[in-house]
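User: I would like to understand how the parts of this protein chain are arranged. Please take me through the structure step by step.

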Amino acid sequence: MEKVKLGIVGAGYIAQKHLEVIDAIDELEAVAIYSRTFAKAESLARNHKIDVCANSLESMIQEVDVDALMILVPPDQMFSVVSEAIPYRLPLFIEKPAGMTPKENLELTQLSERYGTLSMVGFNRRYYSIFHKGLDIIKEAGPLLGVSIEGHERMWRIREGGNFSEEIIKDWIFANSTHTIDLLPFFGGIPTRISSLTHGFHEARGDQFAAIMEFEEGGIGQYQANWYSPGGWRVVLYGDGVTVEFKPLEQGRWTDKNFIVHEIEPDNIDNVFKPGFYAQMKNFARLVVHGKLEWPALDLQGSYQTMLLAEKMSLKVAKKA
């Protein structure tokens, strides 16, 4: 089988983590890279034996025969770069978020449908091996009865760190919190009813969130996030005589009817690489080769649905006078 030849757009931390995985997968090969910061692209090209370091997305596609593109730029650049990439009709891997708002995500969805461009959005936690093992434990006992997720953020550190623009911070619920919000439909299925309360003590879109919902298959889900209170991310799955917990998300355990706690060990690949990245990239390779999206992947349309779920929990930003 010939390797899937990838063009990489972006040269930051997340691109480095993806390239570590690409180097380890036989059916994938990074053959070109482009970044607005040329020096970073050159450094990654040397470290990962990428032949072409391009000056633009257009020149990269013209100079190199690529089978697919990976868009790995910061959130506030994502909309413009993906908009430019879609008309080339190459399959796209798009690091989350696909656009900074539901509106941008919808526009990208519609554009991809117009050009028939295949897409996959990088919600890597959908690929955690311990998550899939936890779901199997629940399903062996019966139906999933409930999902409880805590998505607390450390907004005081995010603001003090100075690593993110005000535009990204303003839309943080879409730019970052969709990582945990997306786990609601991942574990529970499609939400059919939702009721939420949101307060904004510091942030215009809110920073205190509480939501409850019912899933299509009958389970109940709840989501809580307090962005200015010390906490962390946590998932609890409730089954018939079994409870599964992930806290932090990279560690799992389950409790049986006798209150005996059992550890859930991740696959070794999730210890070697950033968790979920290896299985995610194997899935993207199959999308490129076979032209079909496989669960648990999300395309732009699926990502838009997660964005809408986040929007239902958030406050509308007041318009400037």
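User: Which strand does E7 (residues 146-151) join through five bridges, and which residue stands opposite Val147?

Analyst: This is a predicted model, in which local features need pLDDT of at least 70 and side-chain atom pairs count only at pLDDT 80 or more, while totals for chains, interfaces and linings use all residues. Residues are numbered from 1 along each chain as its sequence is written, and side-chain values use heavy atoms, with hydrogens and water left out. Strands (E, at least two residues) and helices (H or I, at least four) are DSSP runs numbered from the N terminus, and two strands pair if DSSP finds at least two bridges between them. Strand E7 runs parallel to its partner, E10 (residues 220-226), where the residue opposite Val147 is Gly221.

User: How do E9 (residues 208-215) and E10 run, and which residue in the turn of their hairpin has a positive phi?

Analyst: Seven bridges join E9 to E10, and the two strands run antiparallel. One position of this pairing places Ala211 opposite Tyr223. Four residues lie between the strands of the hairpin, and the one in the turn with a positive phi, about 110°, is Gly218.

User: What is the order of the eight strands in the open sheet with mixed pairing?

Analyst: The edges are E8 (191-199) and E14 (261-264), each of which pairs on one side only. Neighbouring strands are turned by 15° against each other on average, direction ignored; angles run from 0 to 180 degrees between N-to-C directions, with axes fitted to C-alpha atoms, for helices over the stretch in contact. The order is E8-E9-E10-E7-E11-E12-E13-E14.

User: Which helix lies across E11, E12, E13 and E14, and which helix touches E8, E9 and E10?

Analyst: Contact here means heavy atoms within 4.5 Å. The helix across E11, E12, E13 (252-255) and E14 runs at about 170° to E12 and is H6 (residues 129-141). The helix touching E8, E9 and E10 has a direction that makes about 45° with that of E8, and is H14 (residues 300-313).

User: What is the strand order of the open sheet of six strands?

Analyst: The pairing in this sheet is parallel, and its edge strands are E3 (52-54) and E6 (119-122). Within it, four bridges join E1 (residues 4-9) to E4 (residues 68-71), and Ile8 has Met70 as its bridge partner in E4. The order is E3-E2-E1-E4-E5-E6.

User: At what angle do the axes of H1 (residues 13-24) and H13 (residues 277-290) cross, and is the crossing left-handed or right-handed?

Analyst: The axes come within 10 Å and cross at roughly 70°. That makes H1 roughly perpendicular to H13, the term for angles of 65 to 115 degrees. Residues in the contact include Ile14 and Val21 of H1 and Phe277 and Met281 of H13. A crossing is right-handed if the near helix is turned clockwise from the far one by less than a right angle, and this crossing, at roughly 70°, is right-handed.

User: Which residue forms a salt bridge with Glu27?

Analyst: Side chains of opposite charge can pair when their charged atoms come close. A salt bridge is a side-chain nitrogen of Lys or Arg within 4 Å of a carboxyl oxygen of Asp or Glu, and the N to O distance in this pair is 3.0 Å. Glu27 lies in the loop between H1 and E2 (28-34), and its partner is in H13, 255 residues apart. That partner is Lys282.

Methods: Angles under 35 degrees count as roughly parallel, over 145 as roughly antiparallel, 65 to 115 as roughly perpendicular and the rest as oblique.
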